[in-house]
Amino acid sequence: MNISPLRKGEILVQFEYFMNDVVQAARDEMTEAGYEHLSTPEDVDKTFKDEGTTLVMVNSVCGCAGGIARPAAAYMQNYETKPDRFVTVFAGQDREATDHAREYFEGYGPSSPSFALMKDGKIKTMVERHEIEGHEPIEVVQRLEAAFDEHCS
């Protein structure tokens, strides 16, 4: 079988199409799980400044996001105690929205995937990448359940 090599530009276009599909699938997964997508800094401010509790899932295209964080995020819709809102920002995709959301996560460095539980615009707790990567989805779920029990009414 003789396969002709692709030119550099063709490889980049093919990779871009592939990544667009991967990103869209990750976005769709969160939307189907009931999360509102925040794509601008204005969306972030409007949502975070509302009274009540908000779970923020910082999405990404890495394997631990797809295999651990997004399944855990979807499951949290079924937990008895819930925040008032479920939202997501997408690291590496909606950079301005994600960077602005991270300004609210005082005391925590950038981490994706991750979960931030906000109450009345203030960070209450965070499940960071190091608590997701290499763990089972149920372990992440248990961390989130404990946070919901403590901070959500």
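**Entry 1. The turn around Gly121**

I began with Gly121, which lies in the loop between strand E4 (114-119) and strand E5 (122-127). The model is a predicted one, and I kept that in mind for every entry. I looked up whether Gly121 is buried or exposed. Gly121 has a relative accessible area of 16%, so it counts as buried, the limit being under 20%. I then listed its contacts, leaving aside neighbours within four places in sequence, and found Phe48, Asp50 and Tyr104. I also checked the distance to Thr47, which is 74 residues away along the chain. The C-alpha atoms of Gly121 and Thr47 are separated by 8.4 Å.

Next I took Asp120, which lies in the loop between E4 and E5. I noted a positive phi of about 50° for Asp120, although it is not a glycine. For background, I wrote down that most residues other than glycine have a negative phi. Asp120 has a relative accessible area of 46%, so I entered it as partly exposed.

**Entry 2. The loop before E4**

I moved to Pro113, in the loop between H4 and E4. I looked at the peptide bond from Ser112 to Pro113 and recorded it as cis, with omega near 0°. Most peptide bonds are trans.

**Entry 3. The chain as a whole**

I stepped back to the full chain and counted 5 helices and 5 strands. In what order do they follow one another along the sequence? I read the pattern as α-β-α-β-α-β-α-β-β-α. The chain has 153 residues, of which 44% count as buried. I then took the contacts between residues at least 6 apart in sequence, and 71% of these join residues at least 24 apart.

**Entry 4. Two strand residues, Val89 and Thr53**

I found Val89 in strand E3 (residues 85-90). Its relative accessibility is 0%, so I put Val89 down as buried. Which residues does Val89 contact, leaving aside its neighbours within four places in sequence? My list reads Leu38, Val44, Val56, Met57, Val58, Asn59, Ala97, Thr98 and Ala101. Val44 is 45 residues from Val89 along the chain, and their C-alpha atoms are separated by 8.6 Å.

I then turned to Thr53 in strand E2 (residues 53-59). Thr53 is buried because its relative accessible area is 4%, under the 20% limit. Apart from neighbours within four places in sequence, Thr53 is in contact with Lys82, Pro83, Asp84, Arg85, Met118, Lys119, His151 and Cys152.

**Entry 5. Two aspartates in helices**

I placed Asp43 in helix H2 (residues 41-48) and Asp99 in helix H4 (residues 95-104). I asked how Asp43 should be classed by accessibility. At 28%, Asp43 counts as partly exposed. Asp99, with a relative accessible area of 46%, is partly exposed.

I checked one C-alpha distance for each of them. Asp43 and Ala101 are 58 residues apart along the chain, with 9.6 Å between their C-alpha atoms. Asp99 and Val44 are 55 residues apart along the chain, and I got 10.0 Å for that pair.

**Entry 6. Helix H3**

I looked up helix H3 (residues 63-75), which has 13 residues. From its first C-alpha to its last H3 reaches 18 Å, close to the 18 Å expected at 1.5 Å a residue. Where does H3 bend? I found a bend of about 35° at Ala69, and a proline, Pro71, follows within four residues. The buried residues of H3 are Cys64, Ala65, Ile68, Ala69, Arg70, Ala72 and Ala73.

**Entry 7. H3 against H5**

My last entry is on the packing of H3 with helix H5 (residues 137-151). Two packed helices are described by the angle between their axes and the distance between the axes. For H3 and H5 I wrote down an angle of about 45° and an axis separation of 8 Å. That angle makes H3 oblique to H5. The crossing of H3 and H5 is right-handed. On the H3 side the contact is made by Gly67, Ile68, Ala72 and Tyr75. On the H5 side it is made by Pro137, Val140, Val141 and Glu145. I marked Ile68 and Ala72 among the buried residues of H3.

Conventions: Residues numbered from 1 in each chain as written. Predicted model: local features only at pLDDT ≥ 70, side-chain atom pairs only at ≥ 80, totals over all residues. Heavy atoms only, no water. Expected span 1.5 Å × (residues − 1). Bend = angle between axes of the 7 residues up to and from the residue. Buried < 20%, exposed > 50% of the residue type's maximum accessible area, 1.4 Å probe, protein only. Axes fitted to C-alpha atoms, helices over the stretch in contact; angles between N-to-C directions. Parallel < 35°, antiparallel > 145°, perpendicular 65-115°, else oblique. Left-handed = near helix turned anticlockwise from the far one by under 90°. Contact = heavy atoms within 4.5 Å.
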